[in-house]
Amino acid sequence: MNYRMMGKFISRILLVEAVFMLPALLISLYRNERNSVYGFCSAIVITLAAAVILAVLCRRAKKGFYAREGLVCVGASWIVMSLLGCLPFYFSGEIPHFVDALFETVSGFTTTGASILSNVEGLSKGNLYWRSFTHWLGGMGVLVFVLALGRGGNQSDGYTMHLLRAESPGPKVGKLVPKMKDTATILYILYLFLTVLNVIFLLIGRMPVFDAICTAFGTAGTGGFGVRNDSIAGYSPYLQNVCTVFMLLFGVNFACYYMLFMKQIKNVFKDEELRFYLAVVAGSIVLITWNIRGMYDSLGETVRYAAFQVASIVTTTGFATTDFDLWPSFSKAILLGLMVIGACAGSTGGGFKCGRALLMLKSLRRNVRQILHPQKVQVVRMDHQMVQERVLDNINAYLAAYVLIVICSFIVISVDGFSTMTNFSAVLACFNNIGPGLEAVGPTCNFGGYSVLSKVILIIDMLAGRLEIFPILILLSKSTWTRR
């Protein structure tokens, strides 16, 4: 295990994190928020000190870096980043309990959007900005950002693929261009472009500048932290529609945008995962609109609410414009299903991913055909290309781990005495990085009522869901740390 190389890379991540705290500090200084200023100053000093110590200790790191190091480095980076990222909330006293501050920060970085706060508007502007910005930074991935900034050349190619594969969501990660550093750069350019475009459309609708920036951070990272207690409900229909469109856009695989940029339009429309994603969204909107007809004043309003919540849940954003916990059971069942399915692989969304779900359906169809025709060779194809059996095996392993973690987490947090639906939806909402669940953790409620143990379990769920399970499992495996 190349500990020094991992420590060197983590030191870079902490340096980036400290730099990104500076805008929040400046906002706090401008608004004369003394407690917030103290919180950010303390957090920046501690984060920089940790980065310097790691850089000094690991200055003689060797270049060897393999898949195991990549998984461990990603898992450890996110944990350390979250532990230090929660310090502004804790030191400012605005979230006085450390576990609560950690829960809020992990929820931000993992783009979950689950909150322990009952009064979001009670936070200072500096902490509100940092809270929303954690979504944007975690959406594409802080390691991807560091790789985009890193020096090129063959020396970095030895570990960039392992890091990008470990952090990026989806069944597989490929190169958009030959060098992984260039791939990371392209991803962040596309990410930044769509975020700026989102801000512009929100400003056109006369949303306040601060609200527009924070809302765009939450939309781009598909996180869902709002700056108002009612999330997005208090804004105009135009602004809600803008959020709906951009949530769906950020739920698309960013490789599709690159293909559009390269004028490969036919390849975009041939993408089976994209077609599956759009079909799920359209079908869910139609069914929910039919089911909640009569609950709102007009058909247009009904469609707007249905489309917003479908986009919010399937992309795992978690914004809300209405209390969907009051909807009929059929609509809530669809939303629970969307929580599991999630967005496209290679997007900023969470969940099981449309790509995995589609491959599982294709694999199931293949197995049924093999039973009927045992002598015939059956293969699974995706986008007219044969899928390797290793990929299907990984998806089956992921599904097994997914189900096991959900069941175990559900059993543990049930000790707190909440209803079965509350606990089950809480686990799904955190593990799939959704945000709000149903009943006691619905869109008008929060996770503050859970015990410290349950919050720690849900924190682990959020990290495992964002990092696609295996980096966290690798950290907990004894064989990871044994010498070979």
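Visitor: Which residues of H11 are buried?

Guide: Welcome! In this predicted model, the buried residues of H11 are Leu-239, Gln-240, Val-242, Cys-243, Thr-244, Phe-246, Met-247 and Phe-250.

Visitor: What makes Cys-243 count as buried?

Guide: A residue is called buried when its relative accessible area is under 20%. Cys-243 has 1% relative accessibility, so Cys-243 counts as buried.

Visitor: How do you know that the span of helix H11 agrees with its number of residues?

Guide: Helix H11 covers residues 237-250, which is 14 residues. At 1.5 Å a residue, H11 should span 20 Å, and its end C-alpha atoms are 20 Å apart, so the two values agree.

Visitor: Let's turn to another cysteine. Why is Cys-354 called buried?

Guide: The relative accessible area of Cys-354 is 0%, which is under 20%, so Cys-354 is buried.

Visitor: How do you know that Cys-354 is in no disulfide?

Guide: The nearest cysteine sulfur belongs to Cys-344 and is 4.9 Å away. A disulfide needs two cysteine sulfur atoms within 2.5 Å, so Cys-354 is in no disulfide. For the structure as a whole, the number of disulfides is 0.

Visitor: Where does Asp-325 lie, and why is Asp-325 called buried?

Guide: Asp-325 is in the loop between H15 and H16. With a relative accessible area of 18%, Asp-325 is under the 20% cut-off, so Asp-325 is called buried.

Visitor: Which residues is Asp-325 in contact with, leaving aside its neighbours within four places in sequence?

Guide: Those are Lys-332, Leu-438, Glu-439 and Pro-443. A pair is in contact when heavy atoms come within 4.5 Å.

Visitor: What about the helices on either side of that loop: how do the axes of H15 and H16 cross?

Guide: The axes of H15 (residues 299-314) and H16 (residues 329-341) cross at roughly 35° and come within 8 Å. On the H15 side, Gln-309, Val-310, Ile-313 and Val-314 take part, and they meet Leu-335, Leu-338 and Met-339 in H16.

Visitor: How do the residues of the contact of H15 with H16 divide into nonpolar, polar and charged?

Guide: There are 6 nonpolar residues, 1 polar and no charged. Val, Leu, Ile and Met count as nonpolar, whereas Gln is among those counted as polar because it is on neither the nonpolar nor the charged list.

Visitor: And how much of the chain is buried?

Guide: Of the 484 residues in the chain, 57% are buried. The chain exposes about 20,800 Å², with carbon and sulfur atoms supplying 65% of it. The chain has 21 helices and 2 strands.

How values were computed
Residues are numbered from 1 along each chain as its sequence is written. This is a predicted model: local features need pLDDT of at least 70, side-chain atom pairs count only at pLDDT 80 or more; totals for chains, interfaces and linings use all residues. Side-chain values use heavy atoms; hydrogens and water are left out. Helices (H or I, at least four residues) and strands (E, at least two) are DSSP runs, numbered from the N terminus. The expected span of a helix is 1.5 Å times one less than its number of residues. Buried means under 20% relative accessible area, exposed over 50%, partly exposed in between (1.4 Å probe, protein chains only). Axes are lines fitted to C-alpha atoms, for helices over the stretch in contact, and angles run from 0 to 180 degrees between N-to-C directions. Accessible areas come from the Shrake-Rupley method with a 1.4 Å probe; for residues, only the protein chains shown count as cover.
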